[in-house]
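Reader: I should like to go through the terms applied to this model and the grounds for each. Please set each value against its definition.

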Amino acid sequence: MSDAKDTGKEYKDTLNLPQTDFPMKANLAQREPEFLKKWDETRIYDKGIQKNAGKPKFVLHDGPPYANGHIHFGHILNKTLKDILVKYKTLAGFQSEFIPGWDCHGLPIEHQVDKELGPKKKTMDVVQIRQACRAYAGKFVDIQRAQFKRLGIMANWEAPYLTMDYSYEAAIARTLGKLVGKGMVYKGKKPVHWCIKDQTALAEAEVEYDNHLSPSIYVKFESLEPLKDVTPQVDGKKVKFIIWTTTPWTLPANLAIAIHKSYTYVALQVGEEIYIVAEGLLDQVRKTLNFQEDRLLDRIPAKKLEGILTKHPFLERTSKVILSDHVTLEAGTGVVHIAPGHGQEDYEVGMRYGLAILNPVDNEGKFTAEVSVPELVGQSVFQANPQIIELLRSKGALVKAEETSHSYPHCWRCKSPVIFRSTPQYFISLSTHDLRGRALDAIRRTEWIPHWGRERIYGMVENRPDWCISRQRSWGVPIMGFRCTACKESLLREDVIEGIAKRFEKEGADAYFKYPAEELLPPCIACPQCGGKTFEKETDILDVWFDSGVSFAAVLEQRPTLQMPADIYLEGSDQHRGWFHSSLLAAIGSEGRAPYKAVLTHGFVVDGEGRKYSKSAKNYTPPEDLINKLGAEVLRLWVAAEDYRNDIRYSNEILDRLVETYRKIRNTCRFLLGNLYDFNPDQDTVPVSERPELDRWAVASLQEFIQRVTQSYENFEFHVIYHSLNQYCTVTLSAFYLDILKDRLYTSKAEGRERRAAQSTVFEILTAMTRLMAPILSFTADEVYQHTPAHSAKAESVFLSDLPVANESLIDKALLERFEKIDQIRQEVLKALEKARQEKVIGHSLEAQVRLSAEGEWKKFLQEYLQFWSHYFIVSQVVVAPELDNPTWTSQAIEGLKVEVKKAEGEKCGRCWTRSITVGKNPAHPALCDRCGKVLS
């Protein structure tokens, strides 16, 4: 506005210009901690829980992050998604208690403690080592709790659940006891993933696949029997089955060779030898083994080859030909070497044929004397590969050897390649009480978000082996098995476990390691095998996935504000084989039902190029650096803006865009607040029906915005909310409604009906928008809320208010359609004004007179709204003419619409800047137009 004066009066002072102490500059990094302190002091989270007490529950169960190190972007993504959902449900009127948790047992913590203790560890007993692990985990629980709180995440931080809590350890024991009581836990010697470096068994969820360079060898197994009854064409000739393997070190444990019952095999003469391979792989074998001249002698059904004895390639042992469905035609020869002690499928087919479970490898991955090759004893299996290949070559059993890069299992913690190794372990049977079938049925009944999660976990459960739950470590909950000192039979009983669980409630799981077996066992207990009365404790601990998996029993069933099953579990997509998986099996096995009604999964954080975003990569920025610079609010906005169903991209460029979006949202809120400085909602609100059409359209648009955002929350589509909020602030409000409304807000009589109608609408927009964005932009929403005019329904904090509910009766479809046409015309006029501005015809749009012409319905529409067009276009005059001879702009979007822009008639009003022929006609205010003169009269 100008400083135009009339008889010395400053007309600028008569305008209702925005006034607010809501700062334009956010200073989030400095201001956010002030809000955190205030929320803590006023106990906003607790008050929110109390406010909704007795209302329907919505339970999001927090999957426990590992208490080992500072939080990273994956943590930020996960916890913020949860916080958004819980805050939304709380504002929507649900009792939604957020109980955070931490996973505190396991190998990574034990490793770190080992490093810190160094040589001192040798002087400590197992209880002392466990106490050091407990202290280490507790330290990082405190660190991560402070970091999560800094993100604005509201939760019951004072009473989280920790898997190392005494009560939780007792719940772990009792859940195991239930499974034992149902006969679902057994001890068996079967192959499991074994980490040589950590010297422990691994569950499927603890194995990840990565490229590995391995030997690739083709080996002959010579038949010990004449095959004339199978195929006369080979009578009197040496017949050899060719196998292919990438693990030569498993050959000392070979006890059979397998073929597929449905395949046809061929007898192929190469030189003086006859080779047996699958017909489906014949061309590939010829090419790979470079057979220059060969002759196909016969085609043989697999079943005719079953039972044939072959000679082990370098040991005095036979290997029987057996049938197995796990043989494929994907690679190799269609003949597979079987070592029941070194592979799951090998074990299963070996059990069917009564083969021994041979494992000549110790905990360190070194060959024992059972290997039967003296020079291999004490050698690491991977280092022994070249020696075994040379042994095969010297025996004339090697056809070809080379190296191949292929996907190979690695330990998820130490990243070392693992082996399959048969050892005595405890397992949960997936066949007992049809655990697998019941789990699959529960998967079908559960809602999976995104939907592909169902297929992923279904396939994993359908095809997985029994769950190996024992680990050879110290820091965890013991399995509570005992071994008879006389016959070495294991004893695992539910009543024994229950007795120990009672000790855990008072002393924690350390009690098992503290007391001797006789104090832990009930009196007069006897070995069911031999009747022996003395026992020793087994020292294996439980798989930590079992620990976290029983959180439904330790948390959901124990806390009165929660419930089992939870409404939703929300974690990264890797948890289909982790926490979702272990929780499901533990709950189905012990309780007969799934622990969740719905499961939501998100992707992983990657950089702008789609590469893994991690601390070990050069593309990483510590989150605390960004929070200290920009505040947590921008990171919260990033979480909401990205479609979590895919991998989530993060880069400086993305951050810059988010900062700009945040600025627009904040400035929109500031403008709305600035025009409410003299508005009392309890006294000044104008009924919607009595407001001008523009306001009624804004109210209708607001209801649609509320519906769209609410539905997006319900659908867990937070990125849609981000885009809707951005669009609403920048397009619906700033570029249209508020742009047009400024004139009425600024120039109308302060307490006049027209301005109060505008303020009523602005107030409704601001309060609805603030509450809708509160789950995402928590700091900003509460800051805006504190600056909102006081009124009788105003709560202490935005988080103690109620979510707005769309009033469908205010959604006037005809009005919305009319304004869609108004906006179409306005966009064309704005183009004409810009062209006229570039051609120096006008400067400010208020210098313009706009002349319009159109045809048919559009012409009629222009005439109907003639009195409003100058306000909607923000120009001084609008004329609808039959025809325009010299249009500034001819619309391509609206057929027949032409726009001419010329200088407006009359003089510029010293108050509203509109040009009008009425300026100078008011003796009291000769510098003002008729409208402004009346306002000041």
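**Surface, strands and cores**

Author: In this predicted model, the chain exposes about 39000 Å², of which carbon and sulfur atoms supply 48%. Buried residues account for 57% of the 937 residues.

Reader: How do you know whether the chain matches a compact globule of 937 residues or departs from that rule?

Author: The rule takes 2.2 Å times the number of residues to the power 0.38. For 937 residues this gives a radius of gyration near 30 Å, but the chain has 38 Å. The chain therefore does not match the value of the globule rule. Along the principal axes, its C-alpha atoms fill a box of roughly 125 × 75 × 45 Å.

Reader: Why is strand β26 called mostly covered?

Author: A residue counts as buried under 20% relative accessible area. In β26, residues 566-572, 7 of 7 residues are buried, so each of them falls under that cut-off.

Reader: What makes β26 a paired strand, and which strands are its partners?

Author: Pairing requires at least two bridges between two strands. Strand β3 (residues 60-61) is joined to β26 by 2 bridges, and β27 (residues 596-602) is joined to β26 by 6. Both counts satisfy the requirement, so β3 and β27 each pair with β26. The pairing with β3 is parallel, as is that with β27. Histidine 61 has tyrosine 569 of β26 as its bridge partner, while glutamate 571 stands opposite threonine 601 in β27.

Reader: Why is the unit of β26, helix α17 and β27 called right-handed?

Author: The term applies if, with the strands pointing away from the viewer, the path from the first strand over the helix to the second runs clockwise. The β-α-β unit made by β26, α17 (residues 579-591) and β27 is assigned as right-handed, which means that its path over α17 runs clockwise in that view.

Reader: What makes the 148 residues a nonpolar core, and which of them touch the most other members?

Author: Membership requires buried residues of nonpolar type, joined through side-chain atoms within 4.5 Å. The residues touching the most other members are Phe73, Trp638, Tyr737, Trp869 and Phe873. Helix α23 (residues 718-747) gives the most to this core, with 14 residues. A second, separate core has 74 residues, including Ile443, Cys484, Leu556 and Trp579.

Reader: Which residues are in contact with phenylalanine 873, leaving aside its neighbours within four places in sequence?

Author: Phenylalanine 873 is in contact with Ile825, Arg826, Val829, Leu833, Val850, Leu852 and Val878.

Note on methods. Residues are numbered from 1 along each chain as its sequence is written. This is a predicted model: local features need pLDDT of at least 70, side-chain atom pairs count only at pLDDT 80 or more; totals for chains, interfaces and linings use all residues. Side-chain values use heavy atoms; hydrogens and water are left out. Buried means under 20% relative accessible area, exposed over 50%, partly exposed in between (1.4 Å probe, protein chains only). Helices (H or I, at least four residues) and strands (E, at least two) are DSSP runs, numbered from the N terminus. Contact means heavy atoms within 4.5 Å. Accessible areas come from the Shrake-Rupley method with a 1.4 Å probe; for residues, only the protein chains shown count as cover.
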